[in-house]
Amino acid sequence: MELESYHNGVLLHIGVPAGQAVKVEGVIAILGKAGEDISALLTADSAAPASTATTPPPAAPAAAEPVAAPLSATPVPAQETSDGRLLASPLAKKIAADKGIDLRQVRGSGDEGRIVKRDVETFVPAAAPAKSSEAVAAPTYVIPAYNGEEEFTEVATSQMRKVIARRLAESMYSAPHFYLTTEINMDKAVAARERLNEFSPVKISYNDIVVKAVAIALRQHPAINAAWLDDRIRYNKHIHIGMAVAVEDGLLVPVIRFADQKSLSHLAAEAKQMATKARERKLAPQEMEGSTFSISNLGMMDIDEFTAIINPPNSCILAVGSIREMPRVINGTIQVAHVMKMTLSCDHRVVDGMTGAKYLKTLKDLLEEPMRLLV
């Protein structure tokens with residue numbers, strides 16, 4: 001192992017002959033001024049092997065760099081050993097690595113072309129070759145002048161939009177929301193829907209299946225079917241599902257009452273009727289009141305996942321994304337599955353994280369085994 005001195009001076013003593021090992025904390029060599037008395041140092045190192053250069057050499061001016069070997073008069077190209085390693089001191093290699101210098105471009109001034117510290121510190125990269133005069137200059141794109149006219153229209157806020165804005169702002173800033181997302185394998189739900197529609201008097205949608213599963217899961221987790229009333233929490237025993245429906249200038253939430261007690265075909269017919277009345281602005285006020293839990297479904301708009309703002313006084317709202325065919329690991333093999341993501345928004349004043357997670361797990365199990373909805 002090579003060791004390069006960080007100090008300048010004259011080599012006064014060699015403590016270990018070349019090729020031999022040095023003991024821990026032993027003297028390797030002594031550098032100093034010409035003629036300096038080093039007897040005290042040699043006495044202190046009583047276990048040191050016999051020196052091969054105990055007599056100080058003739059006085060000489062201080063060297064500009066540790067004298068490890070005679071220096072070549074003229075730097076020569078970097079040399080390699082038989083195994084392809086460059087001849088360079090450890091310090092030179094470290095400085096080159098720190099500066100990002102390729103040592104193969106450095107000319108060594110040490111013995112046999114060895115690269116030392118000063119070679120790296122004084123290295124100047126060669127200038128890049130000049131481009132041929134025949135090279136074609138890149139075309140310059142002239143940006144044309146463009147004078148546009150800023151335009152806008154303003155529409156008075158409708159009463160509906162004012163109410164929506166007020167209620168959602170109150171919900172977002174008064175209820176501490178947190179969100180739980182899960183991914184559901186809908187393969188069995190897809191197959192069940194196809195089979196059910198062979199017998200149902202009304203076409204059953206995926207949203208109808210989700211509404212039914214949400215209601216059944218609420219029956220098993222009544223802590224989710226709750227409302228924050230400032231000085232008390234109301235735990236509802238009835239299950240009324242609010243179903244968000246987009247209309248031209250806002251959002252309406254008609255309510256499907258006692259959803260857990262109705263069949264899938266009943267839910268499908270009622271959901272379609274409610275959605276139609278909402279879009280035609282024919283909903284009665286009582287048809288939009290009394291929800292205990294809400295669902296917002298954007299799957300038909302090709303949305304993978306999103307978060308929804310809680311519809312007060314509900315404590316939770318479920319955001320439903322689209323069903324996509326995606327590769328998934330099933331029973332140790334990669335298969336294509338119908339995947340749907342759902343995000344549950346919870347009011348932390350009423351629902352804790354574990355409570356929401358357990359509800360979402362039950363909902364996931366119901367949708368992945370939809371036959372459980374029929375028993």
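Begin by selecting Glu 170, which at 43% relative accessibility counts as partly exposed, and keep in mind throughout the tour that the model on screen is a predicted one. Next add Arg 166, a residue that is likewise partly exposed, with a relative accessible area of 46%. Between Arg 166 and Glu 170 you will find a salt bridge, in which the closest N and O atoms are 3.7 Å apart. If you then colour helix H4, which covers residues 159–174, you can see that Arg 166 and Glu 170 are separated by about one helical turn, because they stand 4 residues apart in that helix.

From there, move to helix H8, made up of residues 353–368, and select Lys 364 and Glu 368, which both lie in this helix, 4 residues apart, or about one turn. These two residues also form a salt bridge, with 3.3 Å between the closest N and O atoms. Glu 368 is partly exposed, its relative accessible area being 22%, whereas Lys 364, at 18% relative accessibility, counts as buried, since buried means under 20%.

For the next stop, select Lys 262 together with Glu 270, whose side chains meet in a salt bridge at 2.7 Å from N to O. Here both partners, Lys 262 and Glu 270, are buried.

Finally, select Asp 302, Asp 304 and Arg 324 at once, and look for the network of salt bridges that links these three residues. Side chains of opposite charge can pair when their charged atoms come close. Should you wish to continue on your own, the structure holds 18 salt bridges, including the ones visited at these stops.

Terms used. Residues numbered from 1 in each chain as written. Predicted model: local features only at pLDDT ≥ 70, side-chain atom pairs only at ≥ 80, totals over all residues. Heavy atoms only, no water. Salt bridge = Lys/Arg side-chain N within 4 Å of Asp/Glu carboxyl O. Helix = DSSP H or I, 4+ residues; strand = E, 2+ residues; numbered from the N terminus. Buried < 20%, exposed > 50% of the residue type's maximum accessible area, 1.4 Å probe, protein only.
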